[in-house]
Amino acid sequence: MDCITFSKQINAYLKNEQRDEELNEFLRHLNSCPKCREELEINYIVTKGLELIDVPDGKYNLIESFGNEVDANKGFIKNRKRSIRVRYVIDTLVFWAVAFSLLYFLTTIL
């Protein structure tokens, strides 16, 4: 992903509207480009700050919140990849179990 594509996807990221693969590419670019990370952080602070402007407490750390959200999204992608791998292994095991069961059944009949 390049910086221009990254900039175009900032709003989708802030609204949680990215698909898994888009989010993965977005986060990968975020880790490798300090300029884009700064741009996203500024957009995040402005967006979340406006959402929290009417909160009576008025005590919030948006920079820490930004880091936590990025870390949470990284964890989501990592867990999603792991679940896809586990599903693949389970599907493979089920396929072979059915295939061997069918072969066993056929050999006992014949």
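A residue is called buried when its relative accessible area is under 20%, and exposed when that figure is over 50%, with partly exposed in between. Keep that in mind as you look around this structure, which is a predicted model. Helix α2 is a good place to start: its buried residues are Leu 23, Asn 24, Phe 26, Leu 27, His 29 and Leu 30.

**Helix α2 and its neighbours**
- Helix α2 runs over residues 20–32, so count along and you'll get 13 residues.
- From the first C-alpha to the last, α2 reaches 19 Å, close to the 18 Å you'd expect at 1.5 Å a residue.
- The buried residues of α2 pack against three other helices: α1 (3–14), α3 (34–51) and α4 (62–109).

**A closer look at His 29**
- You'll find His 29 in helix α2.
- His 29 has a relative accessibility of 9%, so it counts as buried.
- Leaving aside residues up to four places away in sequence, His 29 touches Met 1, Asp 2, Cys 3, Phe 6 and Cys 36.
- Take Met 1 from that list: it sits 28 residues from His 29 in sequence, yet their C-alphas are 6.3 Å apart in space.

**Helix α3**
- Helix α3 has 18 residues and spans 25 Å from first C-alpha to last, close to the expected 26 Å at 1.5 Å a residue.
- Its buried residues are Cys 36, Leu 40, Tyr 44, Lys 48 and Gly 49.
- Cys 36 should ring a bell, as it's one of the residues that His 29 touches.
- The buried residues of α3 pack against α1, α2 and α4.

**A nonpolar patch on the surface**
- Now head for the surface, where Leu 102, Phe 105, Leu 106, Ile 109 and Leu 110 form a nonpolar patch.
- Together, these patch residues have about 570 Å² of accessible area.
- One of them, Leu 106, lies in helix α4.
- Leu 106 counts as partly exposed because its relative accessibility is 40%, and partly exposed means between the 20% and 50% cut-offs.

Notes. Residues are numbered from 1 along each chain as its sequence is written. This is a predicted model: local features need pLDDT of at least 70, side-chain atom pairs count only at pLDDT 80 or more; totals for chains, interfaces and linings use all residues. Side-chain values use heavy atoms; hydrogens and water are left out. Helices (H or I, at least four residues) and strands (E, at least two) are DSSP runs, numbered from the N terminus. The expected span of a helix is 1.5 Å times one less than its number of residues. Buried means under 20% relative accessible area, exposed over 50%, partly exposed in between (1.4 Å probe, protein chains only). Contact means heavy atoms within 4.5 Å. Patches are made of residues with over 30% relative accessible area and no salt bridge: like charges are joined within 9 Å, nonpolar side chains (Val, Leu, Ile, Met, Phe, Trp, Tyr) within 5 Å. Accessible areas come from the Shrake-Rupley method with a 1.4 Å probe; for residues, only the protein chains shown count as cover. A salt bridge is a side-chain nitrogen of Lys or Arg within 4 Å of a carboxyl oxygen of Asp or Glu.
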